[in-house]
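Colleague: I'd like a close look at one part of this model, the loop that holds a buried residue with an unusual backbone angle. Start there, then work outwards to whatever surrounds it, and explain the terms as you go.

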Amino acid sequence: MIASHIPGTIKQFGRTIWRFQQTFGTPLKDLDRFVSTVLSADPRIEEACVTIDQVVFEPKHLITLLSSNSLPTNYGHDWSFNVTGKQQVHELLKTILADPVDFFFIPTPKPFVIYADHDEYITFYANTKSNLNRAVNPLSDKGFKLIKDFQR
């Protein structure tokens, strides 16, 4: 895991225009299955970056993850955490979803991007309908709560 702070990162993401989006409720009691389903959308995902927009309350899960990777417990607006490997990507996304944090999740390759917030909404963005469907159809099929007509 690599941690970095690059001012302006979130502002740059906010300027990106995505053609398609869909929002789900974040299932805090079923995060492992939810994250596994998200990542199954593209089996090539081997790397990811999480960039924090806002920390609402102390992110205890993130602090534990940083400590377990021998990293300083620095976090906040425009802090990014990069990981490599399927297991590390799964662990990072599951960890950050468990905390009251607003963040972007950008996998590599990037068929979609996620913005999740502390109000327990997770929005998937993509530039093609097929890339969006690859992420959201399996979630719907497994019964995760779709938030209809929600626009960020």
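**The loop and its surroundings**

Modeller: Let's begin with Asp-78, which counts as buried at 5% relative accessibility. "Buried" means under 20% relative accessible area, "exposed" means over 50%, and "partly exposed" is in between (1.4 Å probe, protein chains only). Before going on, keep in mind that this is a predicted model: local features need pLDDT of at least 70, side-chain atom pairs count only at pLDDT 80 or more, and totals for chains, interfaces and linings use all residues. Residues are numbered from 1 along each chain as its sequence is written, and side-chain values use heavy atoms, with hydrogens and water left out.

Asp-78 sits in the loop between H3 and E4. Those labels are DSSP runs numbered from the N terminus: helices are H or I with at least four residues, strands are E with at least two. What makes Asp-78 catch the eye is its positive phi of about 70°, although it is not a glycine. Most residues other than glycine have a negative phi, and most peptide bonds are trans. The loop has another residue of this kind: Ser-70 lies between H3 and strand E4 (79-84) and has a positive phi of about 55°, again without being a glycine. Is Ser-70 buried or exposed? Ser-70 is exposed, with a relative accessible area of 68%, whereas Asp-78 counts as buried.

Now step back into the helix before the loop. Ile-63 is in helix H3, and it is buried, with a relative accessible area of 19%. Not counting residues up to four places away in sequence, Ile-63 touches Glu-58, Thr-73 and Tyr-75; a contact here means heavy atoms within 4.5 Å. The C-alpha atoms of Ile-63 and Ile-96 are separated by 9.9 Å, with their positions 33 residues apart along the chain.

Ile-96 brings us to the helix that H3 packs on. Two packed helices are described by the angle between their axes and the distance between the axes. For H3 (residues 60-68) and H4 (residues 86-97), the angle is about 145° and the axes are 7 Å apart. The axes are lines fitted to C-alpha atoms, for helices over the stretch in contact, and angles run from 0 to 180 degrees between N-to-C directions. H3 passes H4 in a left-handed crossing, where left-handed means that the near helix is turned anticlockwise from the far one by less than a right angle, and right-handed means clockwise. His-61, Leu-62 and Leu-65 make the contact from the H3 side, and Glu-91, Leu-92, Thr-95 and Ile-96 make it from the H4 side. By type, these residues are 4 nonpolar, 2 polar and 1 charged. In this scheme Ala, Val, Leu, Ile, Met, Phe, Trp, Tyr, Cys and Pro are nonpolar, Asp, Glu, Lys and Arg are charged, and the others, Gly among them, are polar.

Let's follow Glu-91 of helix H4. It counts as partly exposed, at 35% relative accessibility. From C-alpha to C-alpha, Glu-91 and Asp-32 are 8.8 Å apart in space, though they are 59 residues apart in sequence.

That leads to H2. Its buried residues are Leu-31, Phe-34, Val-35, Thr-37, Val-38 and Leu-39. What covers them includes H4, along with E2, strand E5 (101-108), strand E6 (113-117), E7 and H5.

Glu-46 comes in the loop between H2 and strand E3 (47-55) and is partly exposed, with a relative accessible area of 36%. Leaving aside neighbours within four places in sequence, Glu-46 is in contact with Val-83, Thr-84, Gly-85, Lys-86, Val-89 and Thr-108. Thr-108 has its own oddity: the peptide bond from Thr-108 to Pro-109 is cis, with omega near 0°. Pro-109 is in the loop between E5 and E6.

Finally, there's H5, one of the elements covering H2. In H5, the buried residues are Asn-131, Leu-132, Ala-135, Val-136 and Leu-139, and they pack against strand E2 (20-25), helix H2 (31-39) and strand E7 (121-126). H5 bends by about 30° at Ala-135, and Pro-138 follows within four residues. The bend at a residue is the angle between axes fitted to the seven residues ending there and the seven starting there. Just after H5, Gly-143 takes a positive phi of about 85°.
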